[in-house]
Amino acid sequence: MEELKTKSGDKRGKQMFCFPLHTNDVAQRAKPSITAPHTLDPQSLPFSPSLNSQNQREMAQSLELLLIQFLMPDNDARRQAEDQIKRLAKDPQVVPALIHHLRTAKTPNVRQLAAVLLRKKITGHWAKLSPQLKQLVKHPPVRKASANVVSIVAKYAVPSGEWPDLLPFLFQCSQSAQEDHREVALILFSSLTETVGNAFRPHFAALQALLLKCLQDETSNRVRVAALKAVGSFLEFTHDGDEVIKFREFIPSILNVARQCLASGEEDVAIIAFEIFDELIESPAPLLGDSVKSIVQFSLEVCSSQSLESNTRHQAIQIISWLAKYKSNTLKKHKLVIPILQVLCPLLAESTDESDDDDLAPDRAAAEVIDTMALNIPKHVYPPVFEFSSVSSQNANPKFREASVTALGVISEGCSELMKSKLEPVLHIVLGALRDPEQMVRGAASFALGQFAEHLQPEIVSHYESVLPCILNSLEDASDEVKEKSYYALAAFCENMGEEILPFLDPLMGRLLAALQNSSRNLQETCMSAIGSIASAAEQAFFPYAERVLELMKNFMVLTNDEDLRCRARATELVGIVAMSVGRMRMEPILPPYIEAAISGFGLEFSELREYTHGFFSNVAEILEDSFAQYLPHVVPLAFSSCNLDDGSAVDIDECDDEIANGFGEVSSDDEAHDEPRVRNISIRTGVLDEKAAATQALGLFAQHTKISYAPYLEETLRILDKHSSYFHEDVRLQAIIALKHILTAAHAIFQSQNDGAAKAKKLLDTVMNIYIKTMVEDDDKEVVAQACTSVADIIRDFDLPQLVEATSLLLREESACQQIESDSEIDDDDASHDEVLMDAVSDLLPAFAKSMGAQFAPIFAQLFEPLMKFAKASRPPQDRTMVVACLAEVAQNMGSPIAAYVDRVMPLVLKELASSDATNRRNAAFCVGELCKNGDDLALRYYDNILRGLHPLFGESEPDDAVRDNAAGAVARMIMVHPESVPLNQVLPVFLRVLPLKEDREESMAVYSCVSTLVFSSNPQILSLVPELVNLSAQVVASPDETSEVKTLVGRTFSHLLSLYGQQMQPILSNLSPAHANALSAFAPRS
């Protein structure tokens, strides 16, 4: 680095030093010691800050008085001063006047205020300044207050080459013996990254070395703190992976400085360390290495220290959360999961001051992190959390008993699969807590039950006999808080019930209807939610209660006071749910006043009410179908209005000058865009998001159910859905992706009657498919991508495939945007996590391709086969392997004979899956093996013996699953149909017929009964020796309410053929049939 030559001058105190002049001005001057740069005397500068003109002096005098007046406590005086300062600030001469006061004012507050004003006004006046004034601006005395001034000036002067000596001078000063010089140089490095960060790039290595040295400064805490802040600024600016990775070696020094700051009470500075770790964690580069252990240890120390501020502890907890989200494999590798949970779980029991910000409270923050960990590393989280809950449930301290059930509720989403298989001990803890003498414990138990009901379906419903009575009992709790949470648990639990709820219907509705009339608004809300869930579960059985509920809802749907509008929203939602339960015939005549009340609610300016009203209209559209067209002119504009709402983004700007500047809200920068303030936080009015999502969903459902009548709104709806498909929030994107498919359905009906309809339909399909493909490749949310895949699979037949195939391949290779959450170098490929719902949807695309293209799918399948088979490795979880097997089965079914080329690769996997401990795996394997035999030509024949051996246990009493047995029967049927000579029918047929009729999977009916029919019509001696079994089977099939008329006709024809063969010989068998079976057979095969 070239060392600057500056002229020594009189020292004006340690607080300031001046910026370098142009090299031309300093080339002849004496070179100072690099460790002791001197302060330049302002009077010795070629462009003196002295105010030469009368105008400048008058400006300076007026400004000084006004700055002093602005700092007075008198509000009137402050306002007058502010008005005058605004007027003077329009004159470029304000710049030298402000610099004069920045240098000479005796009062620190006046100097600070001058710096703030100079920073705000310099941008607008820069182009009007003379070269002398520009030079003057470039070397104010550098105090912390003027760092932003320098930063703004540098933004214009450095790129244009007007200030070549700035960076060399700062490097020199950062090595000064004087603490102030080193500190201020680092402050300026921080400030300058925001405006001229690119100028540092050629010097990045030197700058990193300098920052590391300053972080380790042994003589000055102020320098270490300034270096910490500078590191934070540079990390925010730096996005290049190779540059960022060099910061890994800074971590020990950062931790040391942060610990020192905490020890000295500078918590706000220590938080910067967490911000730096945040940047490092979110970087895709493997930046943490072994330092992750030190970071976690420090974060755990901080978050468990009750002497620290809530915000500081929250920042520490957030680091753990980011690690769990972005670097979960790193936590596993370094065995940090259990140490983290051993600190976080007890935090759930920490008592918090009621005045604390709830979002910063350690117990709430800890719960959020445990939730994040459960979602990302469930297998490692469940055992220690369950152990904590088991022990804490017996603790004498009620806060720990509360924490024990809260922890179980919090992990139930992420650890759902593990908890479903171990529900008994978990429910034992939670149901016990519902009877706890302490209200807080009972409330937490109700919350946990609600979480279980949401996330542990369908297994949790099978425990209804023990759970529902406990919830019923909690509805009578003395505490309104416990009651409210119990209504929530009841609503969540009943939502997924069916006829199991019927025995509880009367006692439940009795209590809920009473509560509706006698409770607080909060309880009434949750009570209505519970009634909605019960109505959905009970369906037609809810009819006896519907009239009473609807009558009560009239009272709620006319409320207009602000505090009552949430109840009005819930009531509107409930009417829609009840309408769905009792059906069109009963609801259509009484709907108009409810619809009128719902529409009038839009005038009340309450987002949640609008959200629930869109849901109400969606339900009404579903039950009325084409009759809903009469309401479209009223409701579609309301949905458009919600979709086009301003998001209400609130951006919190980090304006860190000084509180003195707060009064200058109106003295804005001349060009705020050039100030580039640092965005500290972005918050969104979530109510508006929910409203937009509901309105987007409603548009799709209106189109789906009214079809041709929706024509006037089609174009605007498509514009909105296109826009919302790339919306920033995933809930809105998801609804847009779903609605697009409904738009295609409506458009198909609309365009059918138009001359150019085919061309319009093709154009619309291309538009929608391109949106879906973009979503599959670029969207970062797995649920949204899964929905796009599902929609594509339904509409694929009419679309040009190459782009779609590439998008599918990308998802199978786990390389799309939504699969790039973590990229630590140490991830084992076999352990890479993916979303089961997403990959199920992706794997459904291959059968959809095959169904659309038939045998022509073969060359495309060749591209996708290897990426698909990666999920079938033995190291993959069972659900991955069965996903592959199910996919291959459906591809074989729809592609046909080209599957033969893959039989040798696939058959060993499928045979192994026949013996899986998981029923779904056995079922899919049985289906797959049948399709491979049917379509695999002679290549499958060599496996027949092994297949029959693998299928045999699935026909026995040891097989507990009817669907597995049905698919095994389907596989045998396909084998017989293709190669009957290769199947030992004398051994196989008795076993085969014994498991018929099919009990659950009726999709196998045609294959199974066609096989039986073919054997009968071909007079196969083995089948004809089993006539009594065939007659009984035929009677059961034709009498079944679950079989299609096509299947019954086939079986009836087969029975008629038997009658024609054996006539009166069959009379004894027929006489043993029940009247119902005999009558059913007569209907399909009348006896002669």
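D937 sits in the loop between α46 (919–935) and α47 (944–951), and in this predicted model its phi is positive, at about 55 degrees, although D937 is not a glycine. With a relative accessible area of 43%, D937 is partly exposed. A comparable case is E625, whose phi is near 50 degrees, again a positive value in a residue other than glycine; E625 belongs to the loop between α33 and α34 and is partly exposed, its relative accessible area being 41%. These backbone values deserve a remark because most residues other than glycine have a negative phi, and most peptide bonds are trans.

Two peptide bonds can be described alongside them. The bond from Q457 to P458 is cis, with omega near -5 degrees, and P458 is placed in the loop between α24 and α25 (464–474). The bond from L996 to P997 is also cis, with omega near 5 degrees, and P997 lies in the loop between α49 (985–994) and α50 (1005–1017).

**The chain as a whole**

The protein chain contains 55 helices and 2 strands, and of its 1088 residues 56% are buried. When contacts with a separation of 6 or more are considered, 75% of them join residues that are 24 or more positions apart. The accessible surface of the chain comes to about 46,600 Å², and carbon and sulfur atoms account for 48% of that area.

**The nonpolar interior**

The largest nonpolar core has 287 residues, and F542, L951 and F992 are those with the most contacts inside it. Helix α38 (residues 730–751) supplies the largest share of this core, namely 11 residues. If the neighbours of F542 within four places in sequence are left aside, F542 is in contact with M509, I531, I534, A535, V549 and V578. Another core, of 5 residues, lies apart from the largest one and has L565, F606, L609 and Y612 among its members.

Helix α39 (residues 757–778) gives a further view of how buried positions are covered. Its 22 residues should span 32 Å at 1.5 Å a residue, and because its end C-alpha atoms are 31 Å apart, the model agrees with that expectation. Buried residues of α39 include G757, L764, L765, V768, M769, I771, Y772, I773, T775 and M776, and the elements that cover the buried residues of α39 include α37 (714–724), α38, α40 (782–795), α41 (802–812) and α42 (836–853).

**A buried arginine**

R442, a residue of helix α24 (residues 439–455), is buried, with a relative accessible area of 13%. The side chain of R442 reaches the backbone oxygen of P437 at 3.0 Å. Apart from neighbours within four places in sequence, the residues in contact with R442 are A433, L434, D436, P437, D477 and V482.

**Charged pairs**

Side chains of opposite charge can pair when their charged atoms come close, and a search of the whole structure finds 36 salt bridges. Three of these pairs are set out below with their N to O distances.

| Pair | N to O distance |
|---|---|
| K485 and E481 | 3.1 Å |
| R584 and D626 | 3.9 Å |
| D756 and K760 | 3.8 Å |

K485 and E481 are 4 residues apart in helix α26 (residues 480–495), which means that about one helical turn separates them. K485 counts as partly exposed at 27% relative accessibility, and E481 likewise counts as partly exposed at 41%.

The bridge between R584 and D626, with its closest N and O atoms 3.9 Å apart, joins two separate elements: R584 lies in helix α31 (residues 584–587) and D626 in the loop between α33 (607–624) and α34 (632–643), so the pair ties together parts that are 42 residues apart in sequence. R584 is partly exposed, with a relative accessible area of 29%, whereas D626 is exposed, with a relative accessible area of 52%. The loop that holds D626 is also the place of E625, the residue described above for its positive phi.

In the pair formed by D756 and K760, D756 is partly exposed with a relative accessible area of 40%, and K760 is partly exposed with a relative accessible area of 34%. Elsewhere in the model, salt bridges link E814, K870, R876 and D880 in a network.

Conventions: Residues are numbered from 1 along each chain as its sequence is written. This is a predicted model: local features need pLDDT of at least 70, side-chain atom pairs count only at pLDDT 80 or more; totals for chains, interfaces and linings use all residues. Side-chain values use heavy atoms; hydrogens and water are left out. A nonpolar core is a set of buried Ala, Val, Leu, Ile, Met, Phe, Trp, Tyr and Cys residues joined through side-chain atoms within 4.5 Å. Buried means under 20% relative accessible area, exposed over 50%, partly exposed in between (1.4 Å probe, protein chains only). Contact means heavy atoms within 4.5 Å. A polar contact is a pair of N or O atoms within 3.5 Å; within protein, one must be able to donate a hydrogen and the other to accept it, and residues adjacent in sequence count only if both atoms are side-chain atoms. Accessible areas come from the Shrake-Rupley method with a 1.4 Å probe; for residues, only the protein chains shown count as cover. The expected span of a helix is 1.5 Å times one less than its number of residues. A salt bridge is a side-chain nitrogen of Lys or Arg within 4 Å of a carboxyl oxygen of Asp or Glu.
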